[in-house]
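Hi everyone, thanks for coming. I'd like to walk you through one model today, so let's put it on the screen.

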Amino acid sequence: MKEIDGKNSRVLLITGSSKGIGRHLVEHYVANGDLVVGCSRGPSSFKHAHYHHFEVDVTNEDAVKRMFAEISSKYGRLDVLVNNAGVASMNHMLLTPVSVARNILETNFLGTFLFCREASKLMKHRKFGRIVNLTSVAVPLKVEGESVYAASKAAIINFTQIIARELSSFGITVNAVGPTPIHTALIKGVPDDKIQKLIRRQAIQRPGDMKDISNVVDFFIQPESDFITGQVIFLGGV
Amino acid sequence: MIDERVTNAVYRAVDHFIEQSEKGHQLRKSPATILFGKGGQLDSLDLVSFIIEVEQEIEQEFRIPIVLADERALSQKHSPFMTLGALSEYVSQLIDEHERNRRQE
């Protein structure tokens, strides 16, 4: 099993881990020898001795705090948090119900805030922590039909950059990665011509791949990246 | 009346805070110890760290989620973060309220 700081295995927490990007990251880091904790609203079909799954709504403060208490008592540490859980709903702003907008903002932004807050409390004890938040190319590309989703992801960028400063004295870095369209459930409702249009706006015109994301996350969380914080990397040259 | 468990949890938080402090803080375990403001030893970042320690100790001791630095705490005329005694009193108050709410549910 891989060791970090010459002590125990790295402990990673990945939100939205039952499918899509989160599921890929779980498999990637378990294969790497890390201890991985994941969470999603439902169960995960992924089973492994080094994977522990929590069924939790990322916006439920009490449930999230209980989960962190369990992580603390079980592992006594948290090295990495990847805030991946997110929802999207493509629609014209004029046709977007408040309930949909609220759900997007709460899951994407408030969930990220809550997990950053609780993770930092655990990380600060060891003066080491790596937080990676998921944003989106929908922010710089200003994609029509994604106003609320993009706003929630823009909030994550600003939040990332500010808490990077607030947490630097605790040895915690906070960065963000903004994927291009990737074939996941999140974009299954988006017409193919729209996806192609988005891809044509990238410097490198191909759909994103799961390994494109894990590559950036790998870079942000490696111990040598302790001088890299508050940064946002958009994939595909956006 | 401050529960002895609250006082002990706050004092454990003092121990943890001192252990981790790189500035050589010496906080006396006394209700009169001034934390923040005139005569206090902690700057705003130290206070954040200390409050987190207290939250974690209280959560472990009482098995309840607690957030100390909310709008209510920040808007009080006499800050609950001024002294260790004021902080313990505020924590006790929050725990009592939590218990009352739980009984009503």
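What you see here is a predicted model, and I'll begin where the two chains meet. Chain A puts 12 residues into the contact, and chain B also puts in 12 residues. Together chain A and chain B bury about 1000 Å², with 50% of that area on carbon and sulfur atoms.

So what holds our attention at this interface? How many salt bridges does the rule find between chain A and chain B? There are 4 of them. One to look at on the screen is A:Lys121 with B:Glu55, where the closest N and O atoms are 3.0 Å apart. For polar contacts, the count between chain A and chain B is 6 residue pairs, both residues being at pLDDT 80 or more.

Which elements of chain A give two or more residues to the side touching chain B? Those are α2, residues 61–75, and α3, residues 98–123. By type, that side of chain A splits into 8 charged, 2 polar and 2 nonpolar residues.

Now, a word on confidence. The average pLDDT of chain A is 93, and 95% of its residues score at least 70. Residues 1–6 of chain A are another matter: pLDDT stays under 50 there, and the model has 16 contacts for them beyond four places in sequence. Where pLDDT is low, please don't read the predicted coordinates in detail.

Last stop, please find A:Ala154, which sits in helix α5, residues 147–167 of chain A. A:Ala154 counts as partly exposed because its relative accessibility is 31%, between the 20% and 50% cut-offs. Its C-alpha lies 9.2 Å from that of A:Phe109, with 45 residues separating the two in sequence.

Conventions: Residues numbered from 1 in each chain as written. Chains lettered and ligands numbered in written order. Predicted model: local features only at pLDDT ≥ 70, side-chain atom pairs only at ≥ 80, totals over all residues. Heavy atoms only, no water. Contact = heavy atoms within 4.5 Å. Buried area = accessible area lost by both parts, 1.4 Å probe. Salt bridge = Lys/Arg side-chain N within 4 Å of Asp/Glu carboxyl O. Polar contact = N/O pair within 3.5 Å; in protein donor to acceptor, adjacent residues only side chain to side chain. Helix = DSSP H or I, 4+ residues; strand = E, 2+ residues; numbered from the N terminus. Nonpolar A, V, L, I, M, F, W, Y, C, P; charged D, E, K, R; others polar. pLDDT = per-residue confidence, 0-100. Buried < 20%, exposed > 50% of the residue type's maximum accessible area, 1.4 Å probe, protein only.
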